[in-house]
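The following exercises guide a formal reading of one protein model. Please study the sequence and the structure before turning to the solutions.

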Amino acid sequence: SAPCSMGGAIMEVVRMVQQERMAGRSTYSCMMEVRTALKDVCSEREETEDRVSLLEELANLLMHPLEGEETRGVRDGAVRALELVPQVVESLQKLSELAEEEDRCCSVRDRLVEGMMSSCRSGSVLSLANILLEVDLTEEEQQRLCGIIERVCLQ
C-alpha cells in the first residue's frame with residue numbers, strides 16, 4: 001500500500017538528516033521533502049492503521065538518538081530532525097479524531113512529548129524547547145516546559 005513505500009522513503013530521508021549524510025543536499029530541502037510527504041500520507045484515504053503505524057515508526061526513529069544517558073553526543077542533524085515533531089503530533093491528533101486508533105495515537109504523542117521533555121536536560125535544551133512550543137501541549141506539559149526553560153536560564 002502507498003503509506004508503506006512512502007513511509008520507507010520518509011524514514012530514509014530522516015535517517016540521512018539525523019546522520020548528516022545528505023549527499024550534497026541541504027537539510028532544509030530534505031526536511032521540506034519529509035514535511036510534504038507526511039502531509040500527503042496523512043491526507044490520503046488509506047487505512048488509518050497504516051498511517052498510525054508509519055507515524056509511530058517515525059516517532060521512534062526521531063526519539064532514538066535521544067535515548068541513552070549521554071545526550072551531549074546527539075548530532076545537530078538529529079536535533080534538526082526533531083523539528084518534525086510538531087507535524088507528527090498534529091498528524092496524530094488528526095488521525096485520532098478518526099476514532100479507531102485514538103488510544104494508540106495518544107500514546108505515541110505522549111511518548112514523543114515525554115522523550116523531548118526528558119531530553120531537555122542536555123545542551124540542546126533551547127532548540128528542543130522551541131520545538132515543543134509549536135506542539136499543542138496540555139496545561140501540565142506547558143508548566144513543566146516552563147520549569148525546564150527557567151532552570152536552564154538560571155544555570
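**Exercise 1.** Is serine 127 buried, partly exposed or exposed?

*Solution.* The model is predicted, so local features need pLDDT of at least 70 and side-chain atom pairs count only at pLDDT 80 or more, while totals for chains, interfaces and linings use all residues. Residues are numbered from 1 along each chain as its sequence is written, and side-chain values use heavy atoms, with hydrogens and water left out.

Step 1. Buried means under 20% relative accessible area, exposed over 50%, and partly exposed in between, with a 1.4 Å probe and protein chains only.

Step 2. Serine 127 has a relative accessible area of 33%, and therefore it is partly exposed.

Step 3. Serine 127 belongs to helix H7; helices (H or I, at least four residues) and strands (E, at least two) are DSSP runs, numbered from the N terminus. Its C-alpha atom is separated by 8.9 Å from that of glutamate 83, and the two residues are 44 residues apart along the chain.

**Exercise 2.** State how many helices and strands the protein chain has, and describe its contacts along the sequence.

*Solution.* Step 1. The protein chain has eight helices and zero strands, which gives the pattern α-α-α-α-α-α-α-α when read along the sequence.

Step 2. Of the 155 residues in the protein chain, 45% are buried.

Step 3. A contact means heavy atoms within 4.5 Å. Among the contacts in the protein chain with a separation of 6 or more, 68% are between residues 24 or more positions apart.

**Exercise 3.** Describe the largest nonpolar core and identify the helix that gives the most to it.

*Solution.* Step 1. A nonpolar core is a set of buried Ala, Val, Leu, Ile, Met, Phe, Trp, Tyr and Cys residues joined through side-chain atoms within 4.5 Å. In soluble globular proteins, nonpolar side chains tend to be buried together.

Step 2. The largest such core here has 46 residues, and those with the most contacts inside it are Ile10, Val14, Leu62, Leu82 and Val85.

Step 3. At least two residues of this core come from each of H1, H2 (27-43), H3 (48-63), H5, H6 (102-119), H7 (125-133) and H8 (139-154). H3 gives the most, with eight residues.

Step 4. Valine 14 touches Val34, Leu58, Leu61, Leu62, Ala81 and Leu84, leaving aside neighbours within four places in sequence.

Step 5. Alanine 81, in helix H4 (residues 76-81), is buried because its relative accessibility is 1%. With neighbours within four places in sequence left aside, alanine 81 is in contact with Val14, Val17, Gln18, Met31 and Leu62.

**Exercise 4.** Explain why glutamine 18 and serine 91 count as buried, and find the backbone oxygen that each side chain reaches.

*Solution.* Step 1. Glutamine 18 lies in helix H1 (residues 2-18). Glutamine 18 is buried because its relative accessible area is 8%.

Step 2. A polar contact is a pair of N or O atoms within 3.5 Å; within protein, one must be able to donate a hydrogen and the other to accept it, and residues adjacent in sequence count only if both atoms are side-chain atoms. The side chain of glutamine 18 reaches the backbone oxygen of leucine 61 at 2.8 Å.

Step 3. Serine 91, in helix H5 (residues 85-96), has 7% relative accessibility and so counts as buried. A polar atom of its side chain lies 2.8 Å from the backbone oxygen of glutamine 87.

Step 4. Leaving aside neighbours within four places in sequence, serine 91 is in contact with Cys42 and Leu55.

**Exercise 5.** Determine how H2 and H5 are arranged and which residues meet between them.

*Solution.* Step 1. The axes are lines fitted to C-alpha atoms, for helices over the stretch in contact, and angles run from 0 to 180 degrees between N-to-C directions. The axes of H2 and H5 come within 11 Å and cross at roughly 5 degrees.

Step 2. That makes H2 roughly parallel to H5, since angles under 35 degrees count as roughly parallel, over 145 as roughly antiparallel, 65 to 115 as roughly perpendicular and the rest as oblique.

Step 3. From H2, Arg35, Leu38, Lys39 and Cys42 meet Gln87, Val88 and Ser91 of H5.

Step 4. The residues of this contact divide into three nonpolar, two polar and two charged. Here Ala, Val, Leu, Ile, Met, Phe, Trp, Tyr, Cys and Pro count as nonpolar, Asp, Glu, Lys and Arg as charged, and the others, Gly among them, as polar.
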